[in-house]
Amino acid sequence: MPFSSYIGNTRRNSGGGGGGSWGQSLLPTALSKSKLAINRKPRKRTVLINFFFSNFFIIALVVSLLFFLLTLFHFGIPGPISSRFLTSRSNRIVKPRKSIYRRNVNDSVSGAVVDITTKDLYDRIEFLDEDGGPWKQGWRVTYKGDEWEKEKLKIFVVPHSHNDPGWKLTVEEYYQRQSRHILDTIVETLSKDTRRKFIWEEMSYLERWWRDASPNKQEALTNLVKNGQLEIVGGGWVMNDEANSHYFAIIEQIAEGNMWLNDTIGVIPKNSWAIDPFGYSSTMAYLLRRMGFENMLIQRTHYELKKDLAQHKNLEYIWRQSWDAMETTDIFVHMMPFYSYDIPHTCGPEPAVCCQFDFARMRMRDLKYELCPWGKHPVETTPENVQERALKLLDQYRKKSTLYRTNTLLIPLGDDFRYINIDEAEAQFRNYQKLFDHINSNPSLNAEANFGTLEDYFRTLREEADRVNYFLPGEVGSGQVVGFPSLSGDFFTYADRQQDYWSGYYVSRPFFKAVDRVLEHTLRGAEIMMSFLLGYCHRVQCEKFPTSFAYKLTAARRNLALFQHHDGVTGTAKDYVVQDYGTRMHTSLQDLQIFMAKAIEVLLGIRHEKEKSDQSPSFFEAEQVRSKYDARPVHKPIAAREGNSHTVILFNPSEQTREEVVTVVVNRAEISVLDSNWTCVPSQISPEVQHDNTKPFTGRHRLYWKASIPALGLRTYYIANGNVECEKATQSKLKYASEFDPFPCPPPYSCSKLDSDVTEIQNEHQTCVFDVKNGLLRTIVHINGSETVVGEEIGMYTSPDSGAYLFKPSGEAQPIVRPGGHLLTSEGLLVQEVFSYPKTRWQKSPISHSTRLYTGGNTLQDLAVEMEYHVELLGNDFDDQELIVRYKTGVDNKKIFYSDLNGFQMSRRETYDKIPLQGNYYPMPSLAFIQGSNGKRFSVHSRQSLGVASLKDGWLEIMLDRRLARDDGRGLGQGVTDNRAMTVVFHLLVESNISQSDPVSNLHPRNPSLLSHLIGAHLNYPINTFIAKKPQDISVHVPQYSTFAPLAKPLPCDLHIVNFKVPRPSKYSQLVEEDKPRFALILNRRAWDSSYCHKGRSANCTSVANEAVNFSDMFKDLAATKVKPTSLNLLQEDMDILGYDDQEQPRDGSQPREGRISISPMEIRAYKLELRPHK
């Protein structure tokens, strides 16, 4: 939400001005362009023709005529250049060129061949923040005047209104006060004149308006869309954030909006419009391409980067994934050149001039917009002033067009919540039409200006690029749109001026960033259960329960989608708006957990489906519960009374069998664990600790045992207290170092005092060594005797200038842990743990933490170190403080590290001395690692989005929470002081390269190992635990609940089920009558670094996806039929427009068979299918 220049600061954008020094190293450098054979036919005049023209008039005339006829024959008759273009999808099917180079299955060295990488840009840019004059972050733009003699300037002015689904007001408040009126205004004003155009992005508001609109208004809007006056751009539920959002949620939110739009109005968007996210991820470009989008528009990128791209006319480019050697992911991108998307910063490089053409700023009734801060204000266009005004505006248009290659120009016309009433809309449309009419009626101006949509602009641009050769010598470009450079990389971290880097929002409101991910994996689990409930059902009776939940399932999808908004998951909204988001997510979490608790009864056959309805109570409940929207999840304690047993049911959301140490909380220590066959299971009991300086124990116990759960399946266990002929859970042995005297040893455990400066815990793979005085992890000693220095440190930045968006520390982070505090070690059969409540200068420490090693035996858990941090930045004592954990390892990474983009792919990062500390911070949605020249890799997996940096050699630093008393001048109008007590969990993994040397200087992105992928998946998709609401008497016959194992065999362990869902559950019965497949399966094949493969293959990993997957035998007792590929938004039937490389034939030379699918590494594929029980 912008404002104008340095004056009149009302919104996130903070000035048209210069900036500090910033940069990062992102993804691979361009490979030598000579390595790629490019077969193109540049349309250049030959020397011979030029010779004939200048020397032989008659011969030249004949040759020209022949040339014209040949051109006409080859390209067809060109359409007229005007504003009234058709808006249907172009018939041109874009196919990628075939590259000479073929990427190996898991080759982490190969990559895209491109003209530009963002790493190259940041290496080259000096970040001097030079004052460019009227365009403060650029230069004084000039032009000769003859640039448009051969190809006239075609100007598309695109009216728009940016509607945030929550920011300073809640989404419902914005709708009632502004968005509903804006949509009413659009329908009325566009209907008056077919020359008027508009674009709309957010389906959350359009769906809400549609419910309130009369049939006449609905029909009017539909007609505007169908005749091309109103284009739906993006069409997601929201305009999602691209730093913190996980790719699961991005797919969900776009699909939710696109499907509603297609079901309601019958259109599918193909142009993306993202003007307000604070930086851009290449993952988004990939997902849009695989949804059938053809073009993207972006705005908020680093101001120095915009300047460099503009100087080389590279603001429009083909975005290619860094790992894509086949050019299958190419998508065309338009980057806006100036610092904001408001009207003063979109018509041209001089905001003082452009503001004069924001006619909503005229003093009119009911319009309260601020006057132009430069002193010159808009005036009504009249016959007397139209020539002067039109030429002044056209001058800005011409200057802006010199920053791009073509003579097709895009001019956005809008701002936040604009066009709110008829007076405002008429002021803009009326005055601009007068200016257009004057420009268009003067052929000598060589310009044509009209209102347009994104589709009008991109189609005309492509037509021009087909006619005119814009290739530069030696340019790689793309086969998709000729004449533009190719680029790979992402656009983090964003800076809008000086040294103001937007890296604070990577961490703001981390509590809700964590809730977001819990809702994601809970929704995914519920979708999978819904699919199996309906898949195994072939009678109307058993459809009633799952379909009765359709309304709440849709609400959960939409509440998750809403939070992906770039002021939601970012943590950059008002306190009470955050509460609204949180309450919506909490409500859906509860609904989903209740549904899953009921679904397991049907899937296990505990209760017949006829007895189950949406209203009937369940026998089970979720083991982890939240009392309210902002409360930490707590384990519901099992009251294991003498003579009773409690049923525990575990759901495995993974595609492979999970063998894992699981935990529940119990009130008594004298208990046993049994499996579904009433067989004894070894278990461990440990005291439950808490973040309390005076009372470290809760009086309850954690019960651990090793469980084995089939892929996507269920397994039952029993917690028993009484005569079951099983050994009781073994008690942990406790050791302490504490200022408590005496130490409050919890019964029935025995405690002994630590009498050494170091202590350690170990399993068969590694030993963790701790400094007893400060309770921090020193080193990890591996089974082969090698040692990895970890050097855990907890510190604080003091940041009086930071805010919700910006991270602006006043210096380096300082350690906060002092000698003293409390340390407790717990050693047992299955889990070894060190709990530390450190001593700090505050009476109540802002952090306590546990480090765990598991000894399940051949489990993935055994290979990682679990770090759990309890964080409480509560109270004014912590104002303007930002809390970090830093691992000061011995890995010689040369300040190069890798962090993930949206949980989908890795990006290479490099710490630059020429930019400030805050500019070297990057988003870390789920993973970061550093790697040394000897191949040693140190990885940190997270289950929520945070910020990460590697500020010195061997360091990996992650910000945990931030509390900021002041606003940072980006329009929010408040700091961030609504911190909640929260828990952050990391899994640390140390790996050694086993097959090749891997120098730090490698410029390509690195893939995680297979083991790393699986550890990250287990952290982000935890086992769901459900417990019986009522105990059973041990003496009574215990029902033998069957195990539910729906897969015929586990899937390959590099194949991930992104989602398995019924896209339209409310129309489930209706769709069967239409003979359409009712299920959707979305798969991602992970690319993994094969030089780290051995451990990942040993733990529950039976195969990888080198061979085709067969749908026909994927499920047990279920037949998959009508399998057909679709786009990731589940709407496109034409696979050619999605760009997939489907040239590859089965490896055995046979023809592809129905139901057999091959997926290349890194690809996400979606399929529609029908499920029927085997007869």
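Let's start with one bond. The torsion about the S-S bond of C355 and C372 is about -95°, so this disulfide is left-handed. C355 lies in the loop between α10 (351-354) and α11 (386-401), and C372 also lies in the loop between α10 and α11, so the pair ties together parts that are 17 residues apart in sequence. The two sulfur atoms sit 2.0 Å apart. Both C355 and C372 are buried.

A quick reminder before we go on: this is a predicted model. And some chemistry: a disulfide is a covalent bond between the sulfur atoms of two cysteines.

How many disulfides does the structure hold? Five. I'll take two others today.

Next, C347 and C354. A disulfide joins them, with 2.0 Å from S to S. Which hand does the link of C347 and C354 have, left or right? Left-handed, with -85° about the S-S bond. Are these cysteines buried or exposed? Both C347 and C354 are buried.

Now further along the chain, to C745 and C751. These cysteines form a disulfide, their sulfur atoms 1.9 Å apart. Here the torsion about the S-S bond is about 80°, so the disulfide of C745 and C751 is right-handed.

What about accessibility? The cut-off matters here: buried means under 20% relative accessible area, and exposed means over 50%. C745 has 29% relative accessibility, so C745 counts as partly exposed. C751 comes in at 25%, so C751 counts as partly exposed too.

One last cysteine. C768 has 0% relative accessibility, so C768 counts as buried.

Terms used: Residues numbered from 1 in each chain as written. Predicted model: local features only at pLDDT ≥ 70, side-chain atom pairs only at ≥ 80, totals over all residues. Heavy atoms only, no water. Disulfide = S-S within 2.5 Å. Buried < 20%, exposed > 50% of the residue type's maximum accessible area, 1.4 Å probe, protein only. Helix = DSSP H or I, 4+ residues; strand = E, 2+ residues; numbered from the N terminus.
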